[in-house]
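Q: Could you take a close look at a single part of this model, and then place that part in the setting of the whole chain?

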Amino acid sequence: MTGERTPTVTSYAKANADYAPLSHPDATGALVTAVQLDSPAYDVGIEVGMRVVSVNGKPLDDMITWLWETDDDMVDLEVYDPRDETVSPCTLERLEGESWGIEFDGAIFDGMRTCVNACVFCFMTMLPKGSRDSLSIRDDDYRLSFLQGNFVTLTNMTDEDVERVIACGLSPMNVSLHAITPDARRRIMGKNAARGIEVLERLMRAGIEIHAQIVLCPGINDGEELDRTLAYCEEHEQITSLGIVPLGFTKHQNRFRTSYSDDPEAARAVIEHVLPYQERAFARFGRHTFQMSDEFYLDAHMEVPGASWYDGYPQYYDGIGMIRSYLDDTRNAVRTRADALARIAGRLAETGRTLRVVSGTSAADTVRGFIEHEALGGRVIPIENRYFGGNVDVTGLLCGCDLLDQIDRDLTDVVLILPSVMFNTDGVTLDGYHGKNLQDEFERRGAKVIIASTMPFEFIDALEDALEP
């Protein structure tokens, strides 16, 4: 590893597809996808396409092991080179504060832990027939809870997994709770439900902080059952936030036909039901703890609370506080980026173009407050999600087929914004359309197409760059 090498590694280059497939019996570990020039990894000859098999003698199974074992300034690795199928030892040394200069393919290297439950509201069981296989992967990996904020049920964790979480202090953990009584949990999740509570209580006793979640299903875990779950969380100080989100369902199943999106009074009743718990938590801890998702306020036709109500947004990516954040960002962007907005409006006027922005129906009114503000003068195009149907209406689940069907055929002199949140990291929608294909089609209709975040500050920056003369 420390001898001569071909200097093909560039700063954060992507993995070379020409590498031979993994065939050495010991060649597990983490695929190297980038190596920084002149970094410790570069200096010992690690290259894109190799695999780090072990770190300090321990198999490299996930990023937790990597982060835990590489905390010092010297680390021993075993590295597999697929070109000659050899596994070689090497030692990396770094200066204080220096990066190791290496990136891997993902966060889990020994296979994703999949779900062992049968949740009644599982979105994966509601997908259209013919959906690509990757959409049906039901991950439930405790490591992704810590590393990426995924919500997990804890039901597939072994005792060794639990001890690892405690020993490594993997806190906070994001946990799907849903209900607390055994009968309700079994009805919702299936036969493994009890294991989740057993593990949860072991973690809390060890001081692990918990961000919990309830998917609220009318007639299943609401009413008295919801009270029991809220009371349980109130009794356990380690649960520092509890997100309550409404049941979502598609048309591709026969179990559900309605939810809170169809019943404003029911949505309002849940908000009022949770309010005393929020008030008691604030009086006790200075935080509201019990967080209602944005959908409840939209369904109830109620204004979302102020930013202070969201306790620093611990469950932002669970759809809690996004609308409040967007409203506040809109106000701040209009005030602080007035010059940029004026330049954008001027450029649109000079070229004779109008601005149109795609949105899911649930967020359309919120987004209008920014896009259709006089400073921009754009127009929001709300897209109905016919691909999934049911009550699916968020922007992140929009599909290419619905855009193609519902956006005008004539887009002459239009600047069309497609929200980046509807594409995965490969630039593909949930129904398999690549962003480039959609872009080409809408350009054939006459539009200038931009794929960008619709969050106000990011949106302004993207539009300014795209509309430069």
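What follows is a close look at helix 10 and then at its surroundings.

A: The model is a predicted one, in which local features need pLDDT of at least 70 and side-chain atom pairs count only at pLDDT 80 or more, while totals for chains, interfaces and linings use all residues. Residues are numbered from 1 along each chain as its sequence is written, and side-chain values use heavy atoms, with hydrogens and water left out.

Helix 10 covers residues 322-336, 15 residues in total, and its first and last C-alpha atoms are 20 Å apart, close to the 21 Å expected at 1.5 Å a residue; that expected span is 1.5 Å times one less than the number of residues. Helices here are DSSP runs of H or I with at least four residues, strands are runs of E with at least two, and both are numbered from the N terminus. The buried residues of helix 10 are Ile323, Arg324, Ser325, Tyr326, Asp328, Thr330 and Ala333, where buried means under 20% relative accessible area, exposed over 50%, and partly exposed in between, with a 1.4 Å probe and protein chains only. The cover over these buried residues includes helix 9 (294-300), helix 11 (338-351), helix 12 (364-371) and helix 15 (456-466).

One of these covering elements, helix 15, can be followed residue by residue. Phe457 has its place in helix 15 and, leaving out residues up to four places away in sequence, touches Asp329, Asn332, Ala333, Thr336 and Arg337, a contact being heavy atoms within 4.5 Å. Among these partners, Ala333 is also one of the buried residues of helix 10. Phe457 itself counts as partly exposed because its relative accessible area is 29%. From Phe457 to Met422 the distance is 18 Å, C-alpha to C-alpha, across 35 residues of sequence. Glu458 lies in helix 15 as well, and with a relative accessible area of 49% it is partly exposed. The C-alpha atom of Glu458 is separated by 31 Å from that of Thr250, 208 residues away along the chain.

On the other side of helix 10 in sequence, the loop between helix 9 and helix 10 holds Asp311. Asp311 has a positive phi of about 55 degrees although it is not a glycine, and it is partly exposed, with a relative accessible area of 25%. Most residues other than glycine have a negative phi, and most peptide bonds are trans. Asn56 likewise has a positive phi of about 55 degrees without being a glycine; Asn56 is found in the loop between strand 2 (51-55) and strand 3 (58-59) and counts as partly exposed at 31% relative accessibility. As for peptide bonds, the one from Ser171 to Pro172 is cis, with omega near 5 degrees, and Pro172 is found in the loop between helix 4 (159-168) and strand 7 (173-176).

A contact between parts far apart in sequence is found at Arg132, in the loop between strand 6 (102-104) and helix 3 (142-148). Arg132 and Gly432 are 300 residues apart along the chain, yet their C-alpha atoms are separated by 7.7 Å. Setting aside neighbours within four places in sequence, Arg132 is in contact with Asn424, Val428, Thr429, Leu430, Asp431 and Gly432, and its relative accessibility of 27% makes it partly exposed.

For the chain as a whole, the secondary structure comes to 15 helices and 14 strands. Among contacts between residues at least 6 apart in sequence, 68% join residues at least 24 apart, and 50% of the 469 residues count as buried. The radius of gyration, taken over C-alpha atoms, is compared with a globule rule of 2.2 Å times the number of residues to the power 0.38; a compact globule of 469 residues would have a value near 23 Å, and the 25 Å of the protein chain agrees. The C-alpha atoms fill a box of roughly 65 × 60 × 45 Å along the principal axes.
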